[in-house]
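Trainee: I am new to this one, and I would like a close look at a single part. Please walk me through any enclosed empty space, and show me how to place it in the whole.

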Amino acid sequence: MARRSFAVVAGAALAALTLGPIALVLWRAGGLGALGPGDWLALRFTLVQAVLSAGLSVALAVPVAKAFARQRFPGRGLLVALMGAPFILPVIVAVMGLIAVFGRNGLVNGVLSTLGLPVFDVYGLHGVVLAHVFFNLPLATRMLLQGWLAIPSERFRLAASLGLGPRARARVLDWPMIRRVAPGAFAVIFVICLTSFAVALTLGGGPRATTVELAIYQSMRFDFDLGRAAALALVQLALGLGAGVLALKASRGTGFGTGLDRPLPLSAGGLGTRAWDAGWLILAAAFLLVPLATVVLRGLPGLAQLGPDTWRAAGHSLMLALGSTALCLLWALPLATRRGELWALSSIAISPLVLGTGLFLMLRPYVNPFSMALPVTGLINALMALPFALRILTPEAEAVARDYGRLRASLRMTPLAWLRLVWMPRLRRPLGFAAGLTAALAMGDLGVIALFADPDRATLPLQVYRLMGSYRMEAAAGAALLLLMFSLGLFWIFDRGGRVGAET
């Protein structure tokens, strides 16, 4: 009963924060605006790139996650953490790394030109899809890896005792888990790509590669057509919720039950299997880490040029990240159900530009929005990270409730005892992963703070943009590297804390 009450309160707050700003923008605009031919072209491009990006991210993540799940080698934990870095990178920093590798004068085109092959154009649809796969492949990999690690070791022992071959094990163990986890991962990544702004702005290459989010930006920034912006935002929201409904319907299966928590790595297989897994890990690591290495190399000389303003902004970002993480987890735990996950998808399906404008209109009659820049940014960061936290927590939370619910009722456990003895120990690993992801995303976010911030309340991502705008590129590269170090550090601390004493 208590958890249901908390879930109702959390759901009501979520609905108010997602639908309220759009309603206020609609009221201020006087109604919905009409969509023109360019808007429908933007909608078509958005759907095509989102489907391709999400499908490729999940498809490529399957062999990579399987390789991580069944192979053990020195530095495996560090590689898992490093390969998650692209998802938590500030977009503009990551795009700079991608251009250094795949751009016209990048490493890849240098090799292709030497071999006499056609060069790769990083701009346009293929560039947008490439960037989205770069960002979201680590997220899909970790979601699937969590699914494999959640399979009780007794199931693998039983499969081995029955003499099941690789194909039979894949049919009775791997495929049910993939069918349960992959649709949700696809839905989350689809919605992320649906609201793509900075990637399309930098790599779109022209009007033919305009996304809905870019169309919203143009209607608000240049035309100040709030009605058209609200109409596009509602279309975007409907697409995101539709993807969530389809994903939940496709997520079949009830898991594998509970076990005795005895660690048992998957069979590493023979030489062919090891070579296959090594090949996938090498390709994935090269694709994800080489652009990251270019960011590090370019940023090292700039660390010496960081001034007091940058370090103060880093302190603001650190406080925001920790506050957003605590709020997001408090929000996610009572909503860790399929229905809560569906509603949470709306928070990232809504345009951040419309959400920020609506919040500005809400605050303006009562307080100076600029004085509330940091608290509002922390709230929005928690809201935007909520779908990721729920996607990570929901499968395990439902499994705990299903496997231990009767035991709880028979022992008449109090809510506090249930939380301390069953809930938190069983959810320790996904909670650590969710906390690390939320902290890293909040650390690198540049959203509402750009609308409200004054010079004394800048965050580190905003400071990077300001340094770039003043053409202090070396200092900007150093600040970007500092941001990367903070983001990776927070992710590693929380994620490692959740995995202490657990099989990784």
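**The largest cavity in its setting**

Mentor: Of the chain's 504 residues, 52% count as buried (buried is under 20% relative accessible area, exposed over 50%, partly exposed in between, with a 1.4 Å probe and protein chains only). Before we go inside, a word on what you see: this is a predicted model, where local features need pLDDT of at least 70 and side-chain atom pairs count only at pLDDT 80 or more, while totals for chains, interfaces and linings use all residues. Residues are numbered from 1 along each chain as its sequence is written, and side-chain values use heavy atoms, leaving out hydrogens and water.

The chain has 22 helices and zero strands (DSSP runs numbered from the N terminus: helices are H or I with at least four residues, strands E with at least two). Among contacts with a separation of 6 or more, 85% join residues 24 or more positions apart (contact means heavy atoms within 4.5 Å).

Now to the empty space. Rolling a probe the size of a water molecule over the atoms shows where such space is left. On a 1 Å grid over the protein atoms alone, a cavity is a set of points where a 1.4 Å probe fits but cannot get out, and lining residues have an atom within 4 Å of a point. Points are joined across faces, edges and corners, and a volume is the space filled by probe spheres set on them. This rule gives five cavities of 30 Å³ or more, and the largest has a volume of about 120 Å³.

Around that largest cavity you will find Met143, Gln146, Gly147, Arg180, Val181, Arg391, Ile392, Pro395, Glu396, Pro430 and Phe433. Helices H7 (125-149), H9 (166-194), H17 (373-411) and H19 (428-444) each give two or more residues to this lining. H17 supplies the largest share, with four residues. By class, the lining holds six nonpolar, two polar and three charged residues (Ala, Val, Leu, Ile, Met, Phe, Trp, Tyr, Cys and Pro count as nonpolar, Asp, Glu, Lys and Arg as charged, and the others, Gly among them, as polar).

To end, follow the chain back from H7. Val122 sits in the loop between helix H6 (107-114) and H7. Val122 is buried, with a relative accessible area of 3%. Leaving aside neighbours within four places in sequence, Val122 is in contact with Phe102, Gly103, Gly127, Leu130 and Leu203.

Terms used:
1 Å grid on protein atoms, 1.4 Å probe; cavity = no way out; pocket = protein on both sides within 12 Å on 5 of 7 lines; lining within 4 Å.
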